[in-house]
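Here is a friendly walk through a two-part structure. Take a look at the sequence and the 3D view, then read on.

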Amino acid sequence: MPELPDWFRPVAEYMLREGLPETLKLAALAVTASTVIGIVLGTLLTIHFLPLQSLIRLYIEVWRGLPILVTILFIYWLPAYDVGPLHIQLNAYMSAALGLSLWGSAQVAEATRGAVQSIPKEQHEAAAALGFGWAGRHRFVIVPQALRRLLPPMVGLLVNIIQNTTIAFVIGINEFLQAGNRQFENLTTQTGNGHPFTIFGFVLVVFFIISFPLTLFARYLERRLV
Amino acid sequence: MKILAAFEWSFIWDNRVELWEGFKNTMKVSAIGVAGAFVIGLVLGAVRAHRIPVFSQLAWVYVEAIRNTPILVQIFLFYYGLPQLGYQVEGFTVAWLAVMVWGGAFNTENFRAGFEAVPKHFREAGYALGFSPLKTFLNVTLPIGGRIALPSSINTYISVLKNTSLMLAIGYPELTTVAFNIQAITFRTFEMFAVLAVVYLVIVWTLSALIRLLEARLALPETR
C-alpha cells in the first residue's frame with residue numbers, strides 16, 4: 001500500500017475537523033425544517049379548498065422549479081429590511097439553511113400529499129365514525145400511517161440535502177467542499193502544487209461514504225414498508 | 001412597497017445583451033448535456049437491464065458513484081483535476097461534461113427501470129419470431145420500455161438544466177453567473193432575480209407540463 005504523502009494529513013484533518021461538522025449541521029437544520037414544514041403543507045394540500053390548495057401548489061412549484069443555487073443566492077442578496085421593530089438580515093449560514101429548507105419542504109410536501117392520499121378512504125370513514133374531527137383524524141389515524149410510506153423518500157431527501165449543502169460553497173460557508181478548496185488554494189500559493197485531484201477526490205469519497213449507506217437503507221425501507 | 005417602486009424594468013432591458021448571451025450559454029450546455037445523457041442512459045440502461053457481464057457491473061459503479069456524490073464536487077474535480085492529469089479544459093467543456101456525466105447516471109436508472117418493466121414474454125415472443133437479441137431489443141424492448149422511461153428521463157433533463165446554474169462556481173458565463181456578476185456591481189437584486197426566476201420557471205414548468213401530457217398520451221394501451 002502506498003504511503004500517504006506528508007502534506008495530506010494536515011489537509012485532511014482540517015477538512016474533517018472544520019468543514020465536515022459544518023456540512024452535517026447545515027444538513028441537519030435543513031432536513032428538520034423541511035420535514036416539519038413539508039408534512040404540514042402536504043397534509044393541508046389534501047383539503048379540498050381551492051385558494052389554500054393553489055397557494056401551497058405555488059409554493060411547491062416555485063421552490064422545486066428554481067435551481068437551489070438561485071434560491072440561496074436570492075436570499076443572500078436580499079438587502080436588510082425592517083419588519084416593525086425587527087431588523088432582519090440573514091447571514092450566509094441562515095440563507096443557505098433557508099434556501100435548502102424551501103426546496104426540501106417543497107419535496108416533502110409533495111411526497112406527503114401522495115402518502116396521505118394513498119391511505120384508503122375507509123380509514124377516514126372509520127375514524128370519523130369514532131367521532132374524530134378533521135384534525136384528530138389526521139393527527140391520530142391518517143398521518144401516522146402515511147409517515148410509514150413517507151420514510152423511504154425522507155431518507156432519500158436526507159441524502160439529497162447532504163449533497164446539496166455543497167451549494168452553500170458559493171456564498172462562502174466553510175462546509176466540506178469549501179474547506180477542501182481553501183486547503184487547495186493554500187497549497188497552491190505555498191508550494192505551487194495544490195493537489196486538486198487528491199483533495200477534491202477526497203471530498204468525493206467522503207460524501208460517498210456518507211451517502212451510499214443511506215441510499216441502500218432507503219432502498220431497503222422501500223422494499224420493506226411499501 | 002418601496003421594493004416594487006424601486007423595481008426598474010429598464011434595467012433588465014439595458015443588460016439584455018449580456019443576459020441573452022448567458023441564456024444562450026445555458027441552453028447550449030443543457031442541450032449537449034441532455035443529448036449526451038440520453039445516449040448514455042439508453043446504452044447503459046440496456047446494459048444494466050440485460051445484465052451484460054462486466055459492463056453491467058461497471059455501469060453500476062458509475063451510477064452509484066455519481067448519484068451518491070454532490071455534482072458540485074464532480075465539477076471541481078473536472079475543472080481542477082483534469083488539468084493535473086494533463087488535459088487542459090475550459091469552462092465550457094467542464095460545464096457540458098459535468099452535467100452530461102451526472103445526467104447520464106440518473107438516466108441509466110430511468111432506462112433500466114423502463115426496460116425491466118417490459119414483460120419477459122414480450123421478449124420471448126420476439127425470439128420466437130426469429131429476431132436476434134439486438135433486433136428484439138430495437139423492435140420490442142426499446143419502443144415499450146422507452147415509453148415507460150420517458151417521463152422520468154424528462155425529469156432528469158429538467159435537473160440537468162437546473163444544474164447548469166452551478167457553473168457559477170467555476171465562473172462559466174451561463175445565465176446565473178451573468179446575472180450574479182451584474183448584481184454584484186449594481187446591487188440590482190430584484191431585477192436580476194426576476195430574470196432568473198422567470199427564465200428557469202418558464203422552462204421547468206413547460207417541461208413538467210410536457211411530462212404530464214406525455215404520461216397521458218404515451219401510456220401503454222393496457223394501462224389506459
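## Getting oriented

What pattern does chain A follow, read along the sequence? Chain A runs α-α-α-β-β-α-α-α-α-α, and its secondary structure adds up to 8 helices and 2 strands. Helices here are DSSP runs of H or I with at least four residues, strands are E runs of at least two, and both are numbered from the N terminus.

A quick word on the ground rules. This is a predicted model, where local features need pLDDT of at least 70, side-chain atom pairs count only at pLDDT 80 or more, and totals for chains, interfaces and linings use all residues. Residues are numbered from 1 along each chain as its sequence is written, while chains are lettered from A and ligands numbered from 1 in the order in which they are written.

## The build of chain A

How far does the C-alpha trace of chain A span along its principal axes? The answer is about 75 × 50 × 25 Å. The radius of gyration of chain A is 22 Å, whereas a compact globule of 226 residues would have one near 17 Å. That radius is taken over C-alpha atoms, and the globule rule is 2.2 Å times the number of residues to the power 0.38.

Of the 226 residues in chain A, 40% count as buried. Buried means 20 or more other C-beta atoms within 10 Å of a residue's own, exposed means 12 or fewer, and partly exposed is in between, with C-beta atoms placed from the backbone. As for contacts in chain A with a separation of 6 or more, 77% are between residues 24 or more positions apart; a contact means that the C-beta atoms, placed from the backbone, lie within 7 Å.

## One residue up close

A:Leu24 sits in helix α1 (residues 8-44) of chain A. Is A:Leu24 buried or partly exposed? A:Leu24 is partly exposed, because it has 15 other C-beta atoms within 10 Å. Its C-alpha atom is 7.1 Å from that of A:Ile162, although the two are 138 residues apart along the chain.

## Two helix pairs

In chain A, helix α7 (residues 176-191) and helix α8 (residues 196-225) pack at about 165°, with axes 10 Å apart. Axes are lines fitted to C-alpha atoms, for helices over the stretch in contact, and angles run from 0 to 180 degrees between N-to-C directions. α7(A) and α8(A) are therefore roughly antiparallel; angles over 145 degrees get that label, under 35 counts as roughly parallel, 65 to 115 as roughly perpendicular and the rest as oblique. Among the residues that meet are A:Phe176 and A:Phe184 in α7(A), with A:Pro196 and A:Val206 in α8(A).

In chain B, helix α3 (residues 16-49) and helix α8 (residues 133-163) have axes that come within 10 Å and cross at roughly 140°, so α3(B) and α8(B) are oblique to each other. Residues in this contact include B:Ser30 and B:Gly33 in α3(B), and B:Phe137 and B:Leu161 in α8(B).

## Where the chains touch

Chain B uses 29 residues to contact 29 residues of chain A. Elements giving two or more residues to chain B's side are α4 (55-67), α5 (71-84), α9 (175-186) and α10 (189-218) of chain B, and the largest share, 8 residues, comes from α10(B).

By class, this side of chain B has 19 nonpolar, 8 polar and 2 charged residues. Ala, Val, Leu, Ile, Met, Phe, Trp, Tyr, Cys and Pro count as nonpolar, Asp, Glu, Lys and Arg as charged, and the others, Gly among them, as polar.

Methods: Two residues are in contact if their C-beta atoms, placed from the backbone, lie within 7 Å.
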